[in-house]
Amino acid sequence: MAVSGASGGGQVVSLDTLVRLRRGLPTGADGPARLPVPDGMTAPLGCDAVAVPARFGPLVLPRLPRVGCVYADETHCWWIVPSDSDYALEWPAGVRYVTGAVVLDTPRLIHRPDGTVPYTPPIPLYLALCRVTGTTPVWSRQLSA
């Protein structure tokens, strides 16, 4: 789908572009906030987050080849992933993909990686979460006719 100006001379904007623009809008001062990227780090691919029940956090961490920024409170752990890491993935039940890394409260940073990028690679995170929740990855499921 594309949107263009009514005069016919306008710029064509795809739906994907509109979604990305919306994701980049700031949140209100009284509303939800984004998980902060620590000082000295950059997020060139944007930020989304994967929220999991806190009990899974200690089970997932040792299964990951690289761990980016991880935030936690009493009920959830959040992993920072690049924007659009939910594309074509069906995250396990109980796991929530959060566009823009927007949270209601500000959890504390419990892991900061070496380097300057805050990301946990999404595919290893997805596979680790499938493993600890007993979920078959979407690409391994049998197709029905």
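This is a short talk on the fold, the aromatic residues, two buried loop positions and a surface patch of one protein chain.

Before anything else, please keep in mind that what we are looking at is a predicted model, and that the values I quote were computed from its atoms.

Let me begin with the overall layout. The chain contains 3 helices and 9 strands, and if you follow it along the sequence, the elements come in the order β-β-α-β-β-α-β-β-β-β-β-α. Of its 145 residues, 34% count as buried, while the area that the chain exposes comes to about 8,800 Å², with carbon and sulfur atoms supplying 56% of that area. As for how the contacts are distributed along the sequence, if we take those between residues at least 6 apart, then 73% of them join residues at least 24 apart.

I would like to turn now to the aromatic residues. There are 2 aromatic pairs in the count, and the one I will describe in detail is formed by Trp 91 and Tyr 126, whose rings meet edge-to-face, at 5.5 Å centre to centre and with 85° between the planes. What parts of the chain does this pair tie together? Trp 91 belongs to the loop between strand 6, residues 76-81, and strand 7, residues 96-98, whereas Tyr 126 belongs to helix 3, and so the pair links parts that lie 35 residues apart in sequence. Trp 91 counts as buried because its relative accessibility is 12%, which falls under the 20% limit, and Tyr 126, at 0%, counts as buried too. If we add Tyr 97 to Trp 91 and Tyr 126, we have one aromatic cluster made by these three residues.

Staying with Tyr 126, we can ask which residues it contacts once its neighbours within four places in sequence are left aside. The list holds Leu 89, Glu 90, Trp 91 and Pro 92, and then Thr 136, Pro 137, Val 138 and Trp 139. For Leu 89, which is 37 residues away from Tyr 126 along the chain, the C-alpha atoms of the two residues are separated by 8.3 Å.

A further arrangement that involves an aromatic ring is found at Arg 55, whose charged end sits over the ring of Phe 56, at 4.6 Å from the centre of that ring.

Next, two positions in loops, Met 41 and Cys 69, which are in contact with each other. Met 41 is placed in the loop between strand 3, residues 33-34, and strand 4, residues 48-53, and it is buried, with a relative accessible area of 9%. Not counting residues up to four places away in sequence, Met 41 touches Cys 69, Arg 112, Pro 113, Gly 115, Thr 116, Val 117 and Pro 118. With Gly 115, the separation is 74 residues in sequence but 7.5 Å in space, taken from C-alpha to C-alpha.

Cys 69, for its part, is found in the loop between helix 2, residues 57-60, and strand 5, residues 70-72, and at 0% relative accessibility it counts as buried. Beyond four places in sequence, the residues that Cys 69 touches include Pro 38, Trp 78, Trp 79, Ile 80, Leu 109 and His 111, and Pro 113 and Pro 118 are found in the contact lists of both Met 41 and Cys 69. Between Cys 69 and Ala 49, which are 20 residues apart in sequence, the C-alpha distance is 9.8 Å.

Let me also mention some backbone angles. Most residues other than glycine have a negative phi. In Asp 84, however, phi is positive, near 70°, and in Ala 101, also not a glycine, phi is about 55°. Are these two residues buried or partly exposed? Asp 84, in the loop between strand 6 and strand 7, counts as partly exposed at 25% relative accessibility, whereas Ala 101, in the loop between strand 7 and strand 8, is buried, with a relative accessible area of 1%.

Finally, the surface. Ile 123, Leu 127 and Trp 139 make a nonpolar patch of about 290 Å². Leu 127 is located in helix 3, residues 122-133, and with a relative accessibility of 38% it counts as partly exposed. Helix 3 is also where Tyr 126 is found, and Tyr 126, at 0%, is buried, while Trp 139, one of the patch residues, is among the contacts of Tyr 126.

Note on methods:
Residues numbered from 1 in each chain as written. Predicted model: local features only at pLDDT ≥ 70, side-chain atom pairs only at ≥ 80, totals over all residues. Heavy atoms only, no water. Patch = residues over 30% accessible without salt bridge, like charges linked within 9 Å, V, L, I, M, F, W, Y side chains within 5 Å. Areas by Shrake-Rupley, 256 points an atom, 1.4 Å probe, with all protein chains shown as cover. Salt bridge = Lys/Arg side-chain N within 4 Å of Asp/Glu carboxyl O. Helix = DSSP H or I, 4+ residues; strand = E, 2+ residues; numbered from the N terminus. Buried < 20%, exposed > 50% of the residue type's maximum accessible area, 1.4 Å probe, protein only. Contact = heavy atoms within 4.5 Å. Phe/Tyr/Trp six-rings, centres within 6.5 Å; stacked < 30°, edge-to-face > 60°. Lys NZ or Arg CZ within 6 Å of the ring centre and 35° of its normal.
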